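Here are my notes on the structure, point by point. Have it open beside you while you read.

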Amino acid sequence: MNPDASLESLMARYQQGDSSAVTALVHRLSPQLHRFFLAQFISRRDADDLLQETWLRIHQVRHTYRPGEPVVPWLYAIARNIRVDHYRKAYRAGVREQSLDEGAALTAPSQRERPGSPDMQSLLATLPESQREVIAMLKLSGMSLEQVALATSSSVGAVKQKAHRAYESLRMRLSELGFAAARKGASS
Amino acid sequence: MTDGEIDDVLNRAAGASPEVDPALLESISRSVVSSLAPVRPLPRKSVLVAAATAICVAVGVGGAAMLGMHGIETMNPVQAGVIFPVLGVLIWLASRVSVSEMSPGSPRGAAPWVWPAAGSLTLLAVFAILFQEYRTERFVSQGLTCLKAGLLHAIPTALATWLLLRRGFAVSPIASGLALGTLAGLAGVMMLELHCVNFAAPHVMLWHTAVLPLSGILAASAVWTWRSVTAVRT
């Protein structure tokens with residue numbers, strides 16, 4: 001079964017007032033949304049808040065989803081809006097973005113302690129926000145290039161270019177960390 | 001290091017991300033279900049685009065009808081045959097962009113500022129080709145009159161189009177304002193082309209065309225100001 005097709009039918013049922021469809025959508029889409037927020041150097045608590053806020057916004061504007069259209073880009077376009085609002089509020093409140101050290105402290109300790117396996121936040125730390133967002137959508141949320149383009153209101157070419165530049169930065173970062181050498185050593 | 005190896009690292013790092021608290025998911029579900037009611041989805045995009053185009057044309061033509069259709073009566077067939085179809089295409093494109101801006105996850109062909117810039121350049125090119133008179137008497141006073149009249153027609157167009165699209169959701173409010181202002185500006189330009197009899201190239205190229213970007217900038221500024229004011233209150 002096409003997973004996105006069933007999301008479409010769940011959205012259509014949600015618009016008709018079906019509570020079981022809401023529960024299914026929340027349980028199915030929240031984990032990837034949560035990972036998306038965490039990848040933007042947002043604390044676990046803030047990611048929880050943003051997830052809640054995103055679902056409340058989705059609920060308010062659920063009528064803007066047109067049956068038959070892909071659900072994931074629609075959802076992420078709203079999630080991005082919530083994230084941008086969060087940054088604006090944080091900026092106004094004089095709250096600086098959390099440092100990389102703080103962000104890394106939020107990931108599972110077992111992951112941080114494993115040698116040769118950098119965590120997602122330290123990997124993405126070197127990337128500009130727009131590239132980080134694209135990598136988070138492609139790799140954490142498993143979206144296609146077309147879906148990312150729709151969610152970010154850009155073209156597929158622009159998304160490809162950002163992903164390419166991000167990979168170049170990640171290649172340099174991983175080389176600095178000696179990650180390739182460590183992998184070779186571990187595999188031999 | 002190959003792309004495949006980077007993919008591998010990213011996938012493993014992604015797999016290690018912390019899980020969402022199940023209690024949080026339950027709380028979200030309960031909160032959403034508590035206010036659940038059936039909703040009517042937005043009309044199809046083509047319907048909204050047609051309606052926005054109709055509003056823009058109606059305001060432009062209606063305004064000119066009230067002030068007098070002196071411009072089109074004085075134009076030669078080539079001028080009329082080029083200017084109004086070009087305006088029609090620009091209005092249709094601007095309507096499409098405005099509708100897309102109010103629909104989350106809609107494709108966007110170009111950056112928000114490209115549309116008003118491309119529209120203005122198109123009008124400049126068309127006017128430069130079609131109008132060959134280069135007199136500049138009362139350049140500023142007549143120009144300001146036309147600019148004011150064009151912008152005054154943009155206001156009702158922007159309000160009516162906003163009423164049409166208000167059920168949508170602007171993921172980028174300033175870009176939406178720019179798109180809506182551009183569309184409204186085209187209503188002003190249409191009114192001026194139908195009404196104004198000053199066919200001097202400098203007048204038409206500067207003062208008529210200026211309605212388009214100015215209307216877009218004013219609408220985007222209005223949205224920005226409104227957002228700033230509401231942000232300070234919250």
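1. Let's begin with chain B. Reading along its sequence, you get the pattern α-α-α-α-α-α-α-α-α, which comes to 9 helices and 0 strands. Please keep in mind throughout that this is a predicted model.

2. How spread out is chain B compared with a compact globule? Its radius of gyration is 23 Å, whereas the globule rule gives 17 Å for 234 residues, so chain B is more spread out than a compact globule. The C-alpha trace spans about 75 × 50 × 35 Å along its principal axes. As for burial, 43% of the 234 residues of chain B count as buried. If you take the contacts in chain B with a separation of 6 or more, 91% of them are between residues 24 or more positions apart.

3. Chain A is helical too: there are 11 helices and 0 strands, running α-α-α-α-α-α-α-α-α-α-α from the N terminus on. Of its 188 residues, 40% are buried. Residues 24 or more positions apart supply 62% of the chain A contacts with a separation of 6 or more.

4. Inside chain B, have a look at helix H3 (residues 45-67) and helix H5 (residues 77-101), whose axes are 9 Å apart and pack at an angle of about 130°. An angle between 115 and 145 degrees falls in the oblique range, so H3(B) and H5(B) are oblique to each other. Their crossing is right-handed. On the H3(B) side the contact is made by Lys45(B), Leu48(B), Val49(B), Ala52(B), Thr53(B), Cys56(B) and Val57(B). H5(B) answers with Ile91(B), Trp92(B), Ser95(B), Arg96(B), Ser98(B) and Val99(B). Sorted by class, this contact has 8 nonpolar, 3 polar and 2 charged residues.

5. Ser98(B), one of the H5(B) residues in that contact, leads us to Ser176(B). These two serines are 78 residues apart in sequence, yet their C-alpha atoms are 6.3 Å apart in space. Ser176(B) lies in helix H8 (residues 173-195) of chain B. Is Ser176(B) buried or exposed? It counts as buried, because it has 24 C-beta neighbours inside 10 Å and the cut-off is 20 or more. Leaving out residues up to four places away in sequence, Ser176(B) touches Glu101(B), Met102(B) and Ala170(B).

6. For another position in chain B, try Leu206(B), which lies in helix H9 (residues 201-233). Leu206(B) has 17 other C-beta atoms within 10 Å, so it is partly exposed. Thr53(B), which we met in the H3(B) contact with H5(B), is 153 residues from Leu206(B) along the chain, and their C-alpha atoms are separated by 24 Å.

7. Over in chain A, the pair to check is helix H2 (residues 19-38) and helix H8 (residues 129-140): their axes come within 9 Å and cross at roughly 150°. That angle makes H2(A) roughly antiparallel to H8(A), and the crossing is right-handed. H2(A) brings Gln32(A), Arg35(A) and Phe36(A) to the contact, while H8(A) brings Ala136(A), Met137(A) and Leu140(A). Those residues divide into 4 nonpolar, 1 polar and 1 charged.

8. Now for where the chains meet: 55 residues of chain A are in contact with 38 residues of chain B. Among the chain A elements that give two or more residues to this side are H2, H8, helix H3 (44-60), helix H4 (71-92) and helix H10 (156-176). Which element gives the most? H2(A) does, with 10 residues. By class, the side of chain A that touches chain B has 25 nonpolar, 19 polar and 11 charged residues.

9. One last pair spans the two chains. H3(A) packs with helix H2 (residues 22-34) of chain B at an angle of about 25°, and the axes are 10 Å apart. H3(A) and H2(B) are therefore roughly parallel to each other, and H3(A) passes H2(B) in a right-handed crossing. The residues making the contact are Asp48(A), Gln52(A), Trp55(A) and His59(A) from H3(A), plus Leu24(B), Ile28(B) and Val32(B) from H2(B). By class, they divide into 4 nonpolar, 2 polar and 1 charged.

Key
Residues are numbered from 1 along each chain as its sequence is written. Chains are lettered from A and ligands numbered from 1 in the order in which they are written. This is a predicted model: local features need pLDDT of at least 70, side-chain atom pairs count only at pLDDT 80 or more; totals for chains, interfaces and linings use all residues. Axes are lines fitted to C-alpha atoms, for helices over the stretch in contact, and angles run from 0 to 180 degrees between N-to-C directions. Helices (H or I, at least four residues) and strands (E, at least two) are DSSP runs, numbered from the N terminus. Angles under 35 degrees count as roughly parallel, over 145 as roughly antiparallel, 65 to 115 as roughly perpendicular and the rest as oblique. A crossing is left-handed if the near helix is turned anticlockwise from the far one by less than a right angle, and right-handed if clockwise. Two residues are in contact if their C-beta atoms, placed from the backbone, lie within 7 Å. Ala, Val, Leu, Ile, Met, Phe, Trp, Tyr, Cys and Pro count as nonpolar, Asp, Glu, Lys and Arg as charged, and the others, Gly among them, as polar. A residue is buried if 20 or more other C-beta atoms lie within 10 Å of its own, exposed if 12 or fewer, and partly exposed in between; C-beta atoms are placed from the backbone. The radius of gyration is taken over C-alpha atoms; the globule rule is 2.2 Å times the number of residues to the power 0.38.
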